[in-house]
Amino acid sequence: MRLGTRKDGWRQRDAPPHSSAASRGDDPTMPPVIAPDGPGRQVAPLRPGDRVAIIGAGPAGLTAAYLLSKQGFQVTVLESSEVMGGISQTAQYKGYRFDIGGHRFFTKIEPVQAIWEELLASEFISVPRMSRIHYRGQYFDYPLRAMNALRGLGLVNAVRIVLSYMHAQLNPILIEENFEQWVTNRFGNRLYQIFFKTYTEKVWGIPCTEIRAEWAAQRIQGLSLAKAIVSATALNKRSTKIKSLINEFRYPRLGPGQMWEAARDRVVEMGNRVLTGHEVSGIEYATDPATGERRVTAVRARTAGGEQRFTAEHVISTMPVRNLVRALEPAVPVRVRVAAEGLRYRDFLVVALILEGDDLFPDNWIYIHTPGVKVGRIQNFNNWSRAMVPEAGKTCLGLEYFCFEGDGMWTSSDEELIALATRELDELGMARGRPVVDGTVIRMPKAYPIYDGEYREHLDRVREFIDPIANLHTVGRNGMHKYNNQDHSMLTAMMAIWNMQGASHDIWSVNTDFEYHEEQRLESSGTASPSPHPTA
Ligand SMILES: Cc1cc2nc3c(=O)[nH]c(=O)nc-3n(C[C@H](O)[C@H](O)[C@H](O)COP(=O)(O)OP(=O)(O)OC[C@H]3O[C@@H](n4cnc5c(N)ncnc54)[C@H](O)[C@@H]3O)c2cc1C
């Protein structure tokens, strides 16, 4: 599958030319450094003078553009919006800056870390981390600590939780197909109801019985209530390193968008283009009549000045898989189109509220489990970076609502949403009497690729069609319909380039075989922290 020479003269991959650290000199962002070799796929090699069109100026697209620019390739990034960073952008309103959900920078992947340092080294700040869960007027530590949760819920509830856990251990659900079954088997039904069900359903907008167990396994690795309690009694054994990972995170002084604006600047300084207001609506491909092989020849973008066409030897796409399939020309077979249309997304909006006072609460963010309100999570941007808030004595909160594009929440006017957020903040007792003086709304479509019961089958069917297109590289979060954080999104872009240069990484294994960096990984090292939430 991987060796030989193709009829169109393109070389199939053979031995990676850059397979040792020595070949990349001191630059850890050069290919290839890490990652398991996988089955990979046949990839068109990158040749001197090749032009690469990159769809999307989020972390994955800009990482690809930055690496290719450093190596002297011709790159054009086509971005539909006017901002850098995609979901990892920093929105701005009257000098206030806020994220689309708070974006922590943490990675165990050396080349990703190296890029962050190159782009922003001195602009990173270390932020003390604090986050809790609000449940019926009480606050619980987050990541959850078993003892704190059991204490906070009271003796009667604690006994019920332990009994329900024991029941689950004695009568486990034998086939774990969905989220509810997976969590109940490990934590018992009662804890599931309190700390997992409400929030998870708020986030996804579908019952937990329709969310695949696989998603829970990816996000809540290797945990159980028993482990959490045992490790809660052994907190003193935690290493300093683990403590610091939990208690502190890195963050660009002006928010994550600062990182991606810096990446754009570097790409442009190196002579390449990052074009905003260019929405890719057509991806033209040709099929070789002799071999049946398909190859992308050009992309077309809608712009304010009319349609533009860009020919390229390679296309790296971070646009959502569903839209990518819609854009392919000629139209793909019906079964592929139907599969792509079956991929679903959860959308997201942030209501940023500006309040008088700057002492509302010390957390970076608080998860809202309290029934009766729609808000899912509340960020306090004062506690991310003071530079995000231009006026002393004011607070900027981000109230996060999960919704579907076009539903009642999504289509509410900004005024209605600001009123809703103000009312809910008050109902939760979190405004502490401080008046809201201003607000704004940012809507983010396709914030979350949904892992429902059919997504895997749909994705496999789409991949059967797009994977053989050797010069089309799909990377990133929505680009692969994968629940990736920035680092994994970036890594897939890096691997795509390394593969074009002879490596054979299985991009699809990223964030599946790889260590995941969230708290639940730390849990298995001895801290008590079941992590029921998607933080990204
Ligand atoms: C609420 C929330 C919190 C998160 N928190 C964290 C965190 O703490 N830490 C972390 O590391 N990650 C976090 N993430 C994940 C992070 O946002 C993503 O992993 C990352 O932004 C994905 O990068 P990407 O480049 O693959 O995609 P995106 O960020 O989605 O960027 C894709 C870009 O492509 C553009 N585009 C789409 N279609 C087209 C088209 N047709 N033509 C041209 N351009 C197009 C989009 O406008 C966008 O700019 C969080 C995500 C969410 C939703």
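Two strands are taken to pair if DSSP finds at least two bridges between them. The legends below describe close-up views of a predicted model.

**View A. An open sheet is built from five strands, β9, β2, β1, β13 and β20.** The 5 strands follow the order β9-β2-β1-β13-β20, and their pairing is parallel. Strands β9 (273-275) and β20 (472-474) form the edges; each has a single partner strand, so one side of each lacks a neighbour in the sheet. Ignoring direction, neighbouring strands of this sheet are turned by 15° against each other on average. In general, the strands of a sheet pair through backbone hydrogen bonds, in either a parallel or an antiparallel manner.

**View B. Strand β13 runs beside β20 in the parallel sense.** The pairing of β13 (residues 314-317) with β20 comprises 3 bridges. One residue to locate here is S317, whose bridge partner in β20 is T474.

**View C. Strands β6 and β7 form a hairpin.** Strand β6 (residues 131-135) pairs with β7 (residues 138-142) in the antiparallel sense, over 5 bridges. R132 has D141 of β7 as its bridge partner. There are 2 residues between the strands, and R136 in the turn has a positive phi of about 50°.

**View D. Y142 of strand β7 touches residues that include Y367.** Y142 is placed in strand β7. There are 26 other C-beta atoms within 10 Å of Y142, so this residue is buried; the cut-off for a buried residue is 20 or more. Leaving aside residues up to four places away in sequence, Y142 touches S131, R132, I133 and Y367. Y142 and Y367 are 225 residues apart in sequence, yet their C-alpha atoms are 8.5 Å apart in space.

**View E. Helix α2 packs against helix α10.** The axes of α2 (residues 110-120) and α10 (residues 256-269) are 9 Å apart and meet at an angle of about 80°. Because of this angle, α2 is roughly perpendicular to α10; the range for that term is 65 to 115 degrees. On the α2 side the contact is made by W116, L119 and L120, and on the α10 side by Q258, M259, A262, A263 and R266. By class, the residues of the contact of α2 with α10 are 6 nonpolar, 1 polar and 1 charged.

**View F. A shell of 38 residues lies around the ligand.** Within the shell, G56, G58, G86, G101 and G476 come nearest to the ligand. Helices α1 (59-70) and α16 (486-500) each supply at least two residues of the shell, as do strands β10 (279-287) and β19 (436-449). The shell has 20 polar, 13 nonpolar and 5 charged residues.

**View G. K446 and H481 each have a positive phi without being glycine.** Most residues other than glycine have a negative phi. Phi of K446 is about 55°, and this residue lies in strand β19. K446 is buried, because 22 other C-beta atoms lie within 10 Å. Phi of H481 is near 50°. H481 sits in the loop between β20 and α16. H481 counts as buried because it has 26 C-beta neighbours inside 10 Å.

**View H. The peptide bond from E329 to P330 is cis.** Omega of this bond is near 0°, whereas most peptide bonds are trans. P330 belongs to the loop between β14 (328-329) and α12 (334-341).

**View I. S81 and Q71 are two loop residues on either side of β2.** The loop that holds S81 runs between β2 (74-78) and β3 (90-93). S81 is partly exposed, because 15 other C-beta atoms lie within 10 Å; a residue is exposed at 12 or fewer and buried at 20 or more. From C-alpha to C-alpha, S81 and H278 are 7.3 Å apart in space, with their positions 197 residues apart in sequence. Q71 is in the loop between α1 and β2. Q71 also counts as partly exposed, because it has 15 C-beta neighbours inside 10 Å. Q71 and P48 are 23 residues apart along the chain, and their C-alpha atoms are separated by 9.6 Å.

Technical notes. Residues numbered from 1 in each chain as written. Predicted model: local features only at pLDDT ≥ 70, side-chain atom pairs only at ≥ 80, totals over all residues. Near = placed C-beta within 6 Å. Helix = DSSP H or I, 4+ residues; strand = E, 2+ residues; numbered from the N terminus. Nonpolar A, V, L, I, M, F, W, Y, C, P; charged D, E, K, R; others polar. Axes fitted to C-alpha atoms, helices over the stretch in contact; angles between N-to-C directions. Parallel < 35°, antiparallel > 145°, perpendicular 65-115°, else oblique. Contact = placed C-beta atoms within 7 Å.
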